[in-house]
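Visitor: I'm new to this structure and would like a close look at a single part. Could you pick one strand, walk me through its surroundings, and then show me how that part fits into the rest?

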Amino acid sequence: TYPGIIYHSIPTSLEAFAGYWWKPSTPWQGHSGNFNLTGGFMPNSGAGESIFVYMYGPPGGPYSIAVELGNSSLSNSHLPFSTGGAPGARTLFGSASPPSVALGQWHKIELHVRSSTTSSSQDGLVRWWMDDVQVGNYTNANFTVQGWVEFQFVPYWGWTPGTKTQTDYFWIDHARVSVP
């Protein structure tokens with residue numbers, strides 16, 4: 001579950017960038033589904049793909065930063081270092097050994113996305129960085145070309161049922177969201 005959403009509307013855009021400082025609490029109770037959402041871009045009218053950065057890893061860690069292409073009716077199974085539906089939501093890990101998240105420390109997170117030309121052209125862009133190190137660089141993703149209309153901070157703990165037994169926090173600071 002999540003305690004609330006903070007969002008920033010943007011003009012409908014086929015390309016967008018977000019950068020922010022983020023700090024997960026220590027200790028951290030990881031979810032058995034390996035999924036702890038931080039923030040990302042939402043599509044126009046709920047159509048198309050949401051793109052979210054999340055802290056990925058089993059309870060107790062280690063944790064890394066991954067990106068979720070959500071709500072997709074398209075297949076992105078051709079993307080390396082990824083898992084998920086074909087078609088359907090897809091988790092992108094970026095590389096075989098992404099950098100680790102240090103709990104209780106600030107991390108600079110950046111996300112750059114650009115829609116594909118068509119829903120099957122495999123020329124969409126998804127890039128993300130943690131602490132100025134590029135984690136993922138996909139230049140061949142498929143999107144439904146609807147555009148994104150807002151950036152959301154969504155501190156979500158897992159997608160599947162589970163029991164939260166401690167209070168954990170994500171801190172966010174110095175956020176910037178921009179479109180061309």
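Guide: Let's start with one facing pair: Ile51 stands opposite Leu69, a residue of strand β5. Keep in mind that this is a predicted model.

Ile51 belongs to strand β4, which covers residues 50-56, while β5 covers residues 64-70. The two strands run antiparallel and are joined by seven bridges. Another link between them is Phe52, whose bridge partner in β5 is Glu68.

Now follow Glu68 across to the other neighbour. Glu68 also stands opposite Thr91, which sits in β7. Strand β7 takes in residues 90-92, and three bridges hold it to β5, again in the antiparallel sense. That puts β5 between β4 and β7 in the sheet order.

How covered is β5? Seven of its seven residues are buried. You can check that face by face: Ser64, Ala66, Glu68 and Gly70 are buried on one side, and Ile65, Val67 and Leu69 are buried on the other.

Let's step back to the whole sheet. It is an open one with seven strands, and its order reads β1-β11-β3-β4-β5-β7-β6, with antiparallel pairing. The edges belong to β1 (6-13) and β6 (82-84); each has a single partner strand, so one side of each has no neighbour in the sheet. On average, neighbouring strands here are turned by 20° against each other, direction ignored. As for what joins such strands, the strands of a sheet pair through backbone hydrogen bonds, either parallel or antiparallel.

Strand β4 has something else to show you, this time in its rings. The whole structure holds 12 aromatic pairs. In one of them, the ring centres of Phe35 and Tyr54 are 4.0 Å apart with the planes at 40°, so this pair counts as tilted. Phe35 comes from strand β3 (residues 35-43) and Tyr54 from β4, so the pair ties together parts that lie 19 residues apart in sequence. Phe35 and Tyr54 are both buried. Elsewhere, Tyr20, Phe41, Phe151 and Phe153 make up one aromatic cluster.

For a contrast with buried β5, finish at the surface. Trp21, Trp106, Tyr169 and Trp171 make a nonpolar surface patch of about 430 Å². Trp21 lies in strand β2, residues 15-24, and has a relative accessible area of 35%, so Trp21 is partly exposed.

Technical notes:
Residues are numbered from 1 along each chain as its sequence is written. This is a predicted model: local features need pLDDT of at least 70, side-chain atom pairs count only at pLDDT 80 or more; totals for chains, interfaces and linings use all residues. Side-chain values use heavy atoms; hydrogens and water are left out. Patches are made of residues with over 30% relative accessible area and no salt bridge: like charges are joined within 9 Å, nonpolar side chains (Val, Leu, Ile, Met, Phe, Trp, Tyr) within 5 Å. Accessible areas come from the Shrake-Rupley method with a 1.4 Å probe; for residues, only the protein chains shown count as cover. A salt bridge is a side-chain nitrogen of Lys or Arg within 4 Å of a carboxyl oxygen of Asp or Glu. Helices (H or I, at least four residues) and strands (E, at least two) are DSSP runs, numbered from the N terminus. Buried means under 20% relative accessible area, exposed over 50%, partly exposed in between (1.4 Å probe, protein chains only). Two strands pair if DSSP finds at least two bridges between them. Axes are lines fitted to C-alpha atoms, for helices over the stretch in contact, and angles run from 0 to 180 degrees between N-to-C directions. Rings of Phe, Tyr and Trp (its six-membered ring) pair if their centres lie within 6.5 Å; planes under 30 degrees apart count as stacked, over 60 as edge-to-face and the rest as tilted.
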